[in-house]
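Subject: Handover of a structure and notes on its charged residues

Dear colleague,

Please find below the structure that I am passing on to you. My notes on its charged side chains follow directly after it.

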Amino acid sequence: MAEVSRQKDRSKPVIVVKDLYKVYRIGENRVRALNGVSFSINRGEFCAIVGTSGSGKSTLLNMLAGLEKPTKGEIIITGEHMETKNENQLVRFRREHIGFIFQSFNLMGTMNAVENVALPLTFQGVSKRERTKRAKKMVHMVGLDKYWDHRPNQMSGGQQQRVGVARALVVNPEIIFADEPTGNLDSNTSREIMSLMQNVVREQKRTLIMVTHDNTLAGFADKIIRIVDGKIVDMVDNTGNTKAEEEKSKEIAVEKGE
């Protein structure tokens, strides 16, 4: 029964995007960075949003994170409408529900690994003792026990990004946004970080949305959304079926009475 309950919970969308537009004015021209985007992401899913530079993928991530307002459309995360929130409400929502993994790591050079991981907890009013305890647990989880007292300049790029992953997880977020998280890493290290992120999603039951231009890295995800010129051109699930194939399978199942 517990397994059935977990499967049902995973089938519930945690993010729903409806008819999303983002239009920028550049002089007298109007540029549509997002042009009628609609999709949903289920709880506990690893979703990759894939596109080339200028495709609209980063704009979409910013919309989902509440860093930019949409021109039109709805963004519903954990049942709350992001597009109607003011800045203070968005800051509070991000603090309580969301973790971030950045391409450039964004670690504090004067802090060691544990201190960097613990930093977001200071904004939640967590005591120093509890911050350190939780941060060390996360550092252990990403395999950096031997480096907990190292500063960023004493760690490799891959190790720094592991710290970044731990920092995103320490606030116990429902959703993690990752913007080109392996953009500054070599191919072997990139695969290591992707495997780590994949395991985190499965073991910690997090929802992870990653933006990337790399199709190989996107292959680690449960769902792949491809975006071109602000429009979704393809959506693939973890079995390799396209969205059209999924809908066809459902139609066949209905016809058979399954």
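**A buried arginine without a salt bridge**

R206 is buried, yet this residue has no salt bridge; E174, the nearest side chain of opposite charge, is 8.5 Å away. Please bear in mind that the model is predicted. A salt bridge requires a nitrogen-to-oxygen distance within 4 Å.

Where does R206 lie? R206 is found in the loop between α7 (187-204) and β8 (207-212). Its side chain makes a polar contact with the side chain of N172, at 2.8 Å. In addition, a polar atom of the R206 side chain lies 3.2 Å from the backbone oxygen of P173.

**The salt bridges**

How many salt bridges does the count come to? The count comes to four salt bridges, and three of them are described here.

E174, already named as the nearest side chain of opposite charge to R206, meets the side chain of R43 in a salt bridge, with 3.4 Å from N to O. This pair links distant parts of the chain, as the two residues are 131 residues apart. E174 is in the loop between α6 (157-169) and β7 (175-179), while R43 is in the loop between β2 (29-42) and β3 (46-50). E174 is partly exposed, with a relative accessible area of 28%, and R43 is also partly exposed, at 26%.

A second salt bridge joins E80 and K85, whose closest N and O atoms are 2.6 Å apart. E80 counts as partly exposed, at 28% relative accessibility, whereas K85 is buried, with a relative accessible area of 13%.

In a third salt bridge, the side chains of E87 and R94 meet at 3.3 Å, N to O. Here E87 counts as partly exposed, at 47% relative accessibility, whereas R94 counts as buried, at 12%. Residues count as buried when their relative accessible area is under 20%, so both K85 and R94 fall in that class.

**A positive patch on the surface**

Which residues form the positive surface patch? The patch is formed by R25, R30, R32, K72 and K231. One of these residues, R32, is found in strand β2. R32 counts as partly exposed, with 47% relative accessibility. Residues enter such a patch only with over 30% relative accessible area and no salt bridge, and the 47% of R32 is therefore over that cut-off.

Yours sincerely,
A colleague

Note on methods
Residues numbered from 1 in each chain as written. Predicted model: local features only at pLDDT ≥ 70, side-chain atom pairs only at ≥ 80, totals over all residues. Heavy atoms only, no water. Helix = DSSP H or I, 4+ residues; strand = E, 2+ residues; numbered from the N terminus. Buried < 20%, exposed > 50% of the residue type's maximum accessible area, 1.4 Å probe, protein only. Patch = residues over 30% accessible without salt bridge, like charges linked within 9 Å, V, L, I, M, F, W, Y side chains within 5 Å. Areas by Shrake-Rupley, 256 points an atom, 1.4 Å probe, with all protein chains shown as cover. Lys, Arg positive; Asp, Glu negative; His and termini not counted. Charge placed at Lys NZ, Arg CZ, Asp CG, Glu CD. Polar contact = N/O pair within 3.5 Å; in protein donor to acceptor, adjacent residues only side chain to side chain.
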